[in-house]
Amino acid sequence: MKQLIFARTWVAVFRHVALAFCASGWLLGPVSVSHAQSEVDVVIVVGAGGTDEYAAAFSEWAERWEKVATEAQANVTRIGPVVSRESESVDSESTESESTESESTESGEAAPADRELLLESLEQLKADSGQAPLWLVLIGHGTFQQEQAKFNLRGPDLSAAEFAKVLEGAARPLVIVNAASSSGPFLAALSGENRVVVTATRSGEEQNFARFGDYLSRAIGDRSADLDHDASVSILEAFLAASHQTQQFYEREGRLATEHALLDDNGDGKGTPADFFRGMRVVGQPAGEAEPDGPFAAGLSLLATEEELALTAEQRERIAEIEQSVRELRGRKSELDEDAYYAELEPLMVELAKLCEQGDQPQQ
């Protein structure tokens, strides 16, 4: 029972094992790339910088996201200012930013404000009923006043409540990253089923410049952040790497940490910090009856492997379901004897291998 042997040996990295079947000698012919990844949409929003240094830094972070999204064959929409020069060191702790008026067109007419362009893009893209995710990445400053959190744009800003309203009823999976200061309230406002929400801070009161966005923009395309060794970096893995690097920055500089990132993917709006994880596993216990986050985010990668691209959307969806079943099974491992545990694990691993084999068949 080759699959069972693999399952016993590599249960901690079961996804890597399943994908390995796709590239193994079992399959005939080259790996074929489907069109499914081109259905992924990535909206990258760069907010008002306030200073040249911040503007340059935000533009650089956005360029990293855009590079990874382009390599992933995703449809990229970028909104906000573009700074061509290299970014300078950002050392200030202030996040006050002054929203500028919309730029003018060559004809002298006012160009649409970034707020208008963003709302229009999200309204159109959220209507897609497919299973390809919509990624929304907010890079910039945030504010929190009178219990209202906002993301600072050129021109009028957008509040967490306004983002929630425009994304209401979205049929497709959503990955929402708010890398701004004071972004914590966005987590509760945007949390929901079939969504991953990442914020740079845990509350609106964390108003100092947030460095988490810098590290996250690096991690999303960095193979060294691949904790489960499946050749792709999930949003969970990028979140964990960026959180760790942010913490290291404050320790290295001898500063009190003024940002604490959170991730929510179970729809309860509470979020889980990175220090609740050991590797990919949740070891911390949320307060009360809250459930830990992570399983859904672990299955969403922007830069897919060739093996994943060879699968149809339906096959990838089924793989995600199996992965979740395996995670739940691992959570019950202490309740089962060894034979019962592997008896449940084996058919899941075998189905994963078969799905990969099906994905290698030429698309009609």
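In the predicted model, E147 is exposed, with a relative accessible area of 67%, and this residue lies in the loop between β4 (142-145) and β5 (148-151). The backbone of E147 is also distinctive in its phi, which is near 65 degrees, a positive value in a residue other than glycine. A positive phi of about 65 degrees is likewise found at Q73, although Q73 is not a glycine. The position of Q73 is in the loop between α3 and β2 (75-79), where the residue is partly exposed, its relative accessible area being 40%.

The strands that flank the loop of E147 belong to an open sheet of three strands, arranged in the order β4-β5-β6 with antiparallel pairing. Within this sheet, β4 and β6 (158-159) are the edge strands, each of them pairing on one side only. Strands of a sheet pair through backbone hydrogen bonds, in either a parallel or an antiparallel manner. For β4 and β5 the sense is antiparallel, and the pairing extends over four bridges. Q145 stands opposite Q148 in β5, and the loop between the two strands is the one that holds E147.

A helix pair provides a further element of the description. Helix α3 (residues 52-71) packs with helix α7 (residues 212-219) at an angle of about 25 degrees, and the axes of the two helices are 8 Å apart. Because angles under 35 degrees count as roughly parallel, α3 and α7 are therefore described as roughly parallel to each other. The crossing of these two helices, α3 and α7, is left-handed. On the α3 side the contact is made by W61, R64 and W65, which meet G213, D214, L216, S217 and R218 in α7. By class, the residues of the contact of α3 with α7 divide into three nonpolar, two polar and three charged.

At the level of the whole protein, there are 12 helices and 11 strands, and buried residues make up 50% of the 364 residues. When contacts between residues at least 6 apart in sequence are considered, 72% of them join residues that are at least 24 apart.

Key:
Residues are numbered from 1 along each chain as its sequence is written. This is a predicted model: local features need pLDDT of at least 70, side-chain atom pairs count only at pLDDT 80 or more; totals for chains, interfaces and linings use all residues. Side-chain values use heavy atoms; hydrogens and water are left out. Axes are lines fitted to C-alpha atoms, for helices over the stretch in contact, and angles run from 0 to 180 degrees between N-to-C directions. Angles under 35 degrees count as roughly parallel, over 145 as roughly antiparallel, 65 to 115 as roughly perpendicular and the rest as oblique. A crossing is left-handed if the near helix is turned anticlockwise from the far one by less than a right angle, and right-handed if clockwise. Contact means heavy atoms within 4.5 Å. Ala, Val, Leu, Ile, Met, Phe, Trp, Tyr, Cys and Pro count as nonpolar, Asp, Glu, Lys and Arg as charged, and the others, Gly among them, as polar. Buried means under 20% relative accessible area, exposed over 50%, partly exposed in between (1.4 Å probe, protein chains only). Two strands pair if DSSP finds at least two bridges between them.
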